[in-house]
Every structure is written in structure tokens, then in C-alpha cells.
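The following exercises are to be worked with the sequence and the three-dimensional model at hand. Each task is followed by a solution that proceeds step by step.

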Amino acid sequence: MIPYRGDAKRRLPPAIRAAAAIAMLGDVVAAALEVGPVLVVTDDSAVVPPGSEVVPDPGRGLGAAVAAGLTRVKGHALVVNADLPCATAAAIVRLAAAGLALVEAEDGTTNALSLPDPSLFAPLYGPGSAVRFRARGRFVTVASVELEADVDSAEDLDRYALLLGPRTRSLLAVTA
Amino acid sequence: MKTVLLSGGGGGARFARGLADTLPPGDLTVVGNVGDDLEILGLHVSPDLDSLLYTLAGLIDGGRGWGRKGESWNALVSARAWGGEDWFRLGDLDLGLHLVRTELLHAGMSLSGVTDQLREKASVSTRILPATDGRLRTHVHAPAGSFPFQEWFVARAHEDEVDAVSYEGAEDARAASGVLEALADAEAILIAPSNPYLSIGPILAVGEIRTAVESRRVRCVAVSPLVGGKAVSGPLDRMLSRMAGGTTPAHVAGCYPALIDGLVIDGADAPGEADVELVATRTLMSDRDAARRLAEHVLEAACG
């Protein structure tokens with residue numbers, strides 16, 4: 001499951017903001033489709049790549065969006081944020097193999113969740129959320145650069161240049 | 001009081017700082033675990049020695065509990081992009097130390113020589129010695145197979161239950177330069193609140209060190225790493241339950257047969273019966289002052 005909001009990336013340069021958000025979503029969806037069926041929770045169904053299913057975003061924040069998506073999932077759910085354009089199928093498989101697990105961003109927020117039982121989810125997103133998830137249950141913290149590399153700025157795009165998926169990487173030519 | 005502490009990283013390192021804050025400068029020697037050392041990306045990494053150094057130098061990231069404050073991860077991102085491994089977290093600041101250590105080892109310096117040089121650079125007055133300058137590696141044996149320590153601890157998130165632990169290279173390992181001298185000169189020998197199997201076990205697996213502690217003429221006191229039968233962090237409570245049959249002070253003391261005269265336990269643990277003297281106090285080191293108070297209690301217990 002990939003929660004996506006088109007207007008979430010306000011720190012990216014205006015010239016590429018909209019394109020980058022869509023490109024990143026495309027790269028995450030492409031990686032995820034190699035692993036299993038993909039749900040995109042969003043209010044902007046026009047940008048959702050083919051092959052994935054759209055779930056309407058109730059519009060009450062990331063936690064509510066994920067909760068809405070989880071009602072459609074039976075069994076093991078993986079929640080991968082839409083701003084992880086370095087995501088690969090191998091990294092997502094590794095996250096899934098860890099059982100109840102999360103990937104922590106450098107700033108302590110949560111980039112991805114592995115929920116063998118979707119009822120283990122709680123809307124704890126926001127600053128310091130990785131600590132709150134670990135306090136809620138025995139979440140294993142998976143170390144994976146591909147899923148830790150959330151892109152918020154042009155500097156992030158440069159920093160992760162060699163890891164970016166093809167759609168997002170093509171934007172580097174525009175920012176250079 | 002000349003004191004030798006056997007220690008892992010983490011809680012052991014915090015206890016070492018409590019002792020360093022209590023004892024006169026130069027009186028403390030820490031013998032650190034090297035069973036969890038690893039070679040990764042061409043570098044020799046000694047996580048427990050580094051945690052001791054970073055903690056004693058005030059460089060440790062207290063929130064994370066390992067690595068340096070103010071760390072960044074660009075080198076890891078780049079290594080990953082070029083096809084390197086990323087399961088073992090090496091930060092940019094941390095990497096500088098590993099580069100220097102690896103270069104000095106390649107130039108022929110011993111691990112104890114390198115560690116001492118790094119300690120001096122960090123202006124740390126406490127001596128830090130690796131248990132051995134030889135190669136000693138901890139392996140964890142679990143139902144799913146046998147794993148090098150870091151693979152089990154980090155890559156597999158120490159989720160596997162542990163049936164046994166072994167120390168590759170221990171049979172031939174000699175104590176590192178300075179360790180036996182420090183033990184012979186010690187007026188007290190202490191065992192840190194570290195994991196007996198994973199942190200202290202590899203140190204005592206070095207025959208010369210075990211013999212020196214067994215034949216001590218001063219008291220040896222260990223600090224239990226459990227509070228209320230639970231590990232403050234890490235897998236020790238699960239390991240003790242499975243491998244020793246319980247998590248009482250007696251089970252902890254049983255990890256150190258003939259090696260300790262006393263065990264300092266937390267007030268939350270029922271003392272029960274044990275073969276060694278039990279001293280109860282508050283062992284949770286929530287801050288630097290708490291670590292210093294614990295150190296004072298433990299040194300008192302070591303005086304008998």
C-alpha cells in the first residue's frame with residue numbers, strides 16, 4: 001500500500017515539484033508491483049500508474065489514509081511511502097521478511113511498515129513516529145538505504161542520484 | 001583504587017563512564033569485547049571498543065545508544081549506490097575512525113596499540129584494551145542455523161532464539177598486551193552489566209584472562225544486566241530463559257562460576273538463593289549521575 005498526496009512536497013523546487021511527486025510515486029509503484037498487488041491511497045487518482053488499485057483518501061492525514069487502505073487488505077500488509085524513489089523490490093521483500101517491522105527515516109519519522117497482521121497498525125505518524133511504533137509493539141527496525149532515502153528537496157535528489165528509480169532520475173537532467 | 005572492568009558496549013560503556021567519573025584518573029582499565037568485531041566494506045570495525053571510546057569521550061549518540069552524535073550517512077548511501085552492503089550502519093563520522101584503525105592494522109600495529117592511540121586522540125584517561133589482539137569471533141547457534149554475531153544481531157535483528165554461543169579463535173587467543181598486567185595489579189575486578197554470553201563470554205573465553213580472574217587475590221564483582229528479570233535492552237532475558245532456565249540473580253551469577261564473589265542486582269529483583277554475595281541497589285543508568293552512583297555502590301561491594 002502506498003499513500004500518496006500530490007501536494008505534500010513543498011520543499012522541492014516549484015519547477016519540478018509536481019513532476020517529481022508523480023515520478024517518485026511511479027518508481028515506488030513499479031518496485032512494489034514486483035512484490036505483490038499494490039493499492040495507492042490518494043485523492044488524485046489521475047496520477048496513479050496502471051497496474052495498481054486506487055483507494056480514496058479520506059483526507060484526514062497519513063494515518064487515516066493508511067487505515068483506510070488497510071481495510072482493503074487481508075493478511076500481510078506493507079506500507080511504503082510515496083516519496084521513496086530509491087525503493088527496489090529486493091528492499092521491499094527484505095522489509096516483508098522481517099515480520100513486524102519498520103524503516104526509520106534519518107529524521108526519526110517512519111518511511112515504511114511491515115504488518116503481518118494489519119490490526120497492529122495505529123495512526124502514529126509524525127515527528128518521532130518510529131519510536132512510537134516501537135513502543136507500541138515489537139517492531140524490528142530494518143536497515144535499508146533504499147527505503148530510508150526519502151526525498152524532500154533538490155539536495156536529496158542529488159544525494160541519492162545513483163539510487164533513484166528511472167522516472168525520478170530523469171528529473172536530475174532538469175535540475176542540473 | 002586500581003580497577004579492571006570487563007565490558008561490552010552499551011550499558012557496559014555507560015557503567016565504565018560511571019566508574020571513570022568516580023575513580024582517580026588513570027585508575028580504571030577497561031577490557032573490551034572483540035567477539036562482535038567484523039570486517040565490512042574492507043574496514044575493521046570493533047563496535048564494543050568504539051562504544052566504550054565514544055561513551056568515555058562524550059561522543060556517543062545517547063538516544064540511539066551507538067555511534068556518534070551529529071552523525072550523517074552520506075558515505076553509506078554512496079556505498080549502497082555503488083553496490084555495497086548497507087545492513088551494518090556506518091555513519092560518516094564513525095567511518096573516519098574505521099579508516100584510521102584499518103590503516104594502522106594493515107601497517108602492522110596491534111589492535112591494542114591502535115585502540116590506545118585512538119583513546120589518546122580522544123583525551124580519554126581510562127585505558128581501553130581489547131581482550132585479545134588475535135582474531136576472536138562470536139557465533140550464535142539458533143534453530144534456523146549458525147550465524148556470525150553481527151549477522152544474527154543486526155541483519156536478523158536478534159529475533160532467532162539462541163541455543164548456544166561459541167567463540168571462534170578463542171582456543172588460540174592470547175590476552176592482548178597489557179591485559180594480564182592490569183589484572184595482576186588490580187585491587188578490584190568488575191564485570192559490567194553486559195550480556196554474559198555475548199559480551200563478557202568472549203572476553204572470558206580467552207584462557208589467560210579466565211585463569212587470571214579465577215586465580216585472583218582481590219574481589220571480583222559483577223553487575224547484573226537485568227532489572228526485574230528483564231533486559232534493559234537486547235535479548236539477554238530470552239537467552240537466559242532458554243539457555244540457563246531462568247532470569248533470577250542466581251541464573252545470572254551462574255554465568256560466572258568461580259569467577260565472581262559478589263553480584264550487584266537491581267532492587268526490583270528478588271534476591272533468592274545464590275552462591276555469591278548479592279547486593280541490591282538501583283542499577284538502571286538513566287543518566288550520567290545514575291551511572292556514577294551505581295559505580296560507587298559497586299566499588300563499595302568490591303571492597304568487601
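Two residues are in contact when heavy atoms of theirs lie within 4.5 Å. The structure is a predicted model.

**Exercise 1. A helix pair in chain B**

Task: Describe how helix H1 (residues 10–22) of chain B packs against helix H2 (residues 47–56) of chain B, and list the residues that meet.

Solution.

Step 1. Two packed helices are described by the angle between their axes and the distance between the axes. For H1(B) and H2(B), the angle is about 40 degrees and the axes are 9 Å apart. H1(B) is therefore oblique to H2(B).

Step 2. The handedness is then assigned: H1(B) and H2(B) cross in a right-handed manner.

Step 3. On the side of H1(B), the contact involves Gly10(B), Ala13(B), Arg14(B), Ala16(B), Arg17(B) and Ala20(B); on the side of H2(B), the residues met are Ser51(B), Leu52(B), Thr55(B) and Leu56(B). By class, the residues of this contact comprise 5 nonpolar, 3 polar and 2 charged.

**Exercise 2. The mixed sheet of chain A**

Task: In which order do the 4 strands of the open sheet in chain A stand, and which strands are at its edges?

Solution.

Step 1. Strands of a sheet pair through backbone hydrogen bonds, either parallel or antiparallel. In chain A the order is E4-E6-E5-E7, and the pairing is mixed.

Step 2. E4(A) and strand E7 (140–141) of chain A are the edge strands; each has a single partner strand, so one side of each is without a neighbour in the sheet.

Step 3. Helix H4 (residues 129–136) of chain A packs on this sheet and touches E5, E6 and E7 of chain A. The direction of H4(A) makes about 165 degrees with that of E5(A).

Step 4. The pairings can now be taken in turn. Strand E4 (residues 77–80) of chain A runs antiparallel to E6(A), with 4 bridges between them; here Val80(A) has Ala112(A) as its bridge partner. Strand E5 (residues 101–104) of chain A is likewise joined to E6(A) by 4 bridges and runs antiparallel to it, with Leu102(A) opposite Leu113(A). On its pairing with E7(A), E5(A) runs parallel and has 2 bridges; there the partner of Leu102(A) is Thr141(A).

Step 5. E5(A) and E6(A) also form a hairpin with 5 residues between them, and Gly108(A) in the turn has a positive phi of about 90 degrees.

Step 6. Strand E6 (residues 110–115) of chain A is mostly covered, since 6 of its 6 residues are buried.

**Exercise 3. The antiparallel sheet of chain B**

Task: State the strand order of the 3-stranded open sheet in chain B, and identify the helix that packs on it.

Solution.

Step 1. The order is E7-E6-E8 in chain B, with antiparallel pairing. Strand E7 (145–148) and E8 of chain B are the edge strands, each pairing on one side only.

Step 2. On average, neighbouring strands of this sheet are turned by 25 degrees against each other, direction ignored.

Step 3. Strand E6 (residues 137–142) of chain B is joined to E7(B) by 4 bridges, and the two run antiparallel. Within this pairing, Val140(B) is the bridge partner of Phe147(B).

Step 4. The helix sought is H8 (residues 196–204) of chain B, which touches E6 and E8 of chain B; its direction makes about 30 degrees with that of E8(B).

**Exercise 4. Residues in loops**

Task: Is Ser153(A) buried or exposed? Give the corresponding classification for Arg72(A) and Ala258(B).

Solution.

Step 1. Ser153(A) lies in the loop between helix H5 (145–148) and helix H6 (154–159) of chain A. Its relative accessible area is 6%, and buried means under 20%, so Ser153(A) is buried. Apart from residues up to four places away in sequence, Ser153(A) touches Arg11(A) and Leu12(A).

Step 2. Arg72(A) is in the loop between helix H2 (62–70) and E4 of chain A. With a relative accessible area of 45%, Arg72(A) is partly exposed. Leaving aside neighbours within four places in sequence, Arg72(A) contacts Leu39(A), Glu53(A), Val55(A) and Pro56(A).

Step 3. Ala258(B) belongs to the loop between helix H11 (249–253) and strand E13 (262–266) of chain B. Its relative accessibility is 60%, so Ala258(B) counts as exposed. Although not a glycine, Ala258(B) has a positive phi of about 65 degrees.

Note on methods
Residues numbered from 1 in each chain as written. Chains lettered and ligands numbered in written order. Predicted model: local features only at pLDDT ≥ 70, side-chain atom pairs only at ≥ 80, totals over all residues. Heavy atoms only, no water. Buried < 20%, exposed > 50% of the residue type's maximum accessible area, 1.4 Å probe, protein only. Axes fitted to C-alpha atoms, helices over the stretch in contact; angles between N-to-C directions. Parallel < 35°, antiparallel > 145°, perpendicular 65-115°, else oblique. Left-handed = near helix turned anticlockwise from the far one by under 90°. Nonpolar A, V, L, I, M, F, W, Y, C, P; charged D, E, K, R; others polar. Pairing = 2+ DSSP bridges.
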